[in-house]
Amino acid sequence: MVVTSLTLDTDNGETGVLQQIQFLIGKKQFKNAPLKTITRLISWKLHCLFAKEALIVLEGTQLRMALPPHWHGHPKLLYTFGWHFDTELPYLASNMSKDAVVFDIGANVGTWSLILSEVVGPRGKIFAYEPTLSTFDTLSKNVAINARTNILAFRYALCNKNDKIRLYHDVDSSRNSLGHTRSDDATSEYEEVPARTLDAVASELSLDKLDFIKIDVEGAEPLVFEGAHETLIRFKPTILFEVNPKALAELGFAHDSSWRILSNLGYRFHELQSDGLKEVFTCPAEMTNLWALHSSRLTGPSSGLVV
């Protein structure tokens, strides 16, 4: 989801360094415990220098996670700040019901899947989709070391077709994308990955319900929704998705492409603020996360959510 990467190196010049320092000191975790946060960041740098995988416990849980020693990306944020650094996840965890069925599309190393697996319990299900081979291996490892029988992980790119597609690599693997020039750090390297439509996998799974979809696929969200019409019409799940104008443009989409697809299916849109979800009526043109709730599920003020 939308979280600025914490790099604190000089590749982007003084402006880039200043932005990263502002990001660091702006985080609640730094404000509450600056010395601890800086110590964790230095410790992560050492893990990267010595190519040593880290094993952490997610605070407030008994969940353990293996984190690959990469300086860029999600593992560093998780190691430095803990899983509450992304405000969307704690909010969702406190508002999700037992026995929910969840699709985690763009599951990365498994943070969302693991936390939500605790919430939904043994009768709930988390279906986690991650196409990048190295990241999928870490995801699978994290599912295994926690003996999560309610998480099923698949190495698919959910898309608008059943085929094989190119997934281009970024220096930050969480930004791997179907778009060739995802960021200034993008490379020409890619891997061929299997692609499936959400409708196809939902049919194969014989789902009798789908409560929630979290989708973070670096600009390919409209492709996922194009391949999900039948499932969205049938189950009307709540959806959390990213609006990333730059990544969307690399794939030829306007910033509001996902908004328009879901709006036509009866969805209304919300942003998470300090006092809960607030409805928005035009798609933001800047990078953000949006919660799409089907109009049939909205029976009162949109400041609350139970999935």
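This is a chat about one predicted protein model, covering its strands, helices, charged residues and a few backbone angles.

Visitor: Hi! How many helices and strands are there in the protein chain?
Guide: There are 12 helices and 13 strands. Keep in mind that what we're looking at is a predicted model.

Visitor: And what share of the residues is buried?
Guide: Of the 307 residues in the chain, 54% are buried.

Visitor: What about contacts between residues far apart in sequence, what share do they have?
Guide: Take the contacts with a separation of 6 or more: 68% of them come from residues 24 or more positions apart.

Visitor: Okay, let's pick a strand. How many residues of β3 are buried?
Guide: β3 covers residues 101-105, and 5 of its 5 residues are buried.

Visitor: Which way do the side chains point?
Guide: Val101, Phe103 and Ile105 point one way, while Val102 and Asp104 point the other way. In general, side chains in a regular strand alternate between the two faces of the sheet. Here the residues on both sides of β3 are buried.

Visitor: Which strands does β3 pair with?
Guide: One is β4, residues 125-129, which pairs with β3 in the parallel sense over 5 bridges. Another is β9, joined to β3 by 4 bridges and also running parallel.

Visitor: Can you give me residues to look for? Which one is the bridge partner of Val101 in β4?
Guide: That's Lys125. On the β9 side, look for Ile215, which stands opposite Ile105.

Visitor: How does the chain get from β3 to β4, and is the crossover right-handed or left-handed?
Guide: The chain goes through helix α6, residues 111-120, and this β-α-β crossover is right-handed.

Visitor: Is α6 enclosed or open?
Guide: Helix α6 is largely enclosed by the rest of the structure, because 9 of its 10 residues are buried. Among the buried ones are Trp112, Leu114, Ile115, Leu116, Val119 and Val120.

Visitor: What follows α6?
Guide: Gly121, and its phi is positive, near 75 degrees.

Visitor: Which residues have a positive phi although they're not glycine?
Guide: Glu218 is one of them, with a phi of about 55 degrees. Lys236 is another, at about 50 degrees. They're worth a look because most residues other than glycine have a negative phi.

Visitor: Where do those two sit?
Guide: Glu218 lies in the loop between β9 (212-215) and α9 (221-226). Lys236 is in the loop between α10 (229-235) and β10 (238-243).

Visitor: Buried or exposed, those two?
Guide: Glu218 has a relative accessible area of 5%, so it's buried, since buried means under 20%. Lys236 has 26% relative accessibility and counts as partly exposed.

Visitor: New topic: how many salt bridges does the structure hold?
Guide: There are 11 salt bridges. One of them joins Glu279 and Arg268, with the closest N and O atoms 2.9 Å apart. That pair links distant parts of the chain: Glu279 is in strand β12 (residues 276-280), Arg268 is in strand β11 (residues 267-273), and they are 11 residues apart. Arg268 is partly exposed, at 33% relative accessibility.

Visitor: Which residue does Lys278 meet in a salt bridge?
Guide: Asp275, at 3.6 Å from N to O. Asp275 is partly exposed at 49% relative accessibility, and Lys278 is partly exposed at 28%.

Visitor: And which one does Arg175 meet?
Guide: Arg175 meets Asp172, at 3.8 Å from N to O. Asp172 is buried, with 6% relative accessibility, whereas Arg175 is partly exposed at 25%.

Visitor: Which residue is buried yet has no salt bridge?
Guide: Asp199 fits that description. You'll find it in helix α8, residues 198-205.

Visitor: Why no salt bridge for Asp199?
Guide: Check the distance: the nearest side chain of opposite charge is Arg234, and it is 9.0 Å away. A salt bridge needs the nitrogen and the oxygen within 4 Å, so Arg234 is too far from Asp199 to make one.

Visitor: What lies 3.2 Å from a polar atom of the Asp199 side chain, then?
Guide: The backbone nitrogen of Glu230.

Visitor: And which residues is Asp199 in contact with, leaving aside its neighbours within four places in sequence?
Guide: Gly227, Ala228, His229, Glu230 and Thr231.

Conventions: Residues are numbered from 1 along each chain as its sequence is written. This is a predicted model: local features need pLDDT of at least 70, side-chain atom pairs count only at pLDDT 80 or more; totals for chains, interfaces and linings use all residues. Side-chain values use heavy atoms; hydrogens and water are left out. Buried means under 20% relative accessible area, exposed over 50%, partly exposed in between (1.4 Å probe, protein chains only). Lys and Arg count as positive and Asp and Glu as negative; His and the chain ends are not counted. A polar contact is a pair of N or O atoms within 3.5 Å; within protein, one must be able to donate a hydrogen and the other to accept it, and residues adjacent in sequence count only if both atoms are side-chain atoms. Contact means heavy atoms within 4.5 Å. Two strands pair if DSSP finds at least two bridges between them. A crossover is right-handed if, with the strands pointing away from the viewer, the path from the first strand over the helix to the second runs clockwise.
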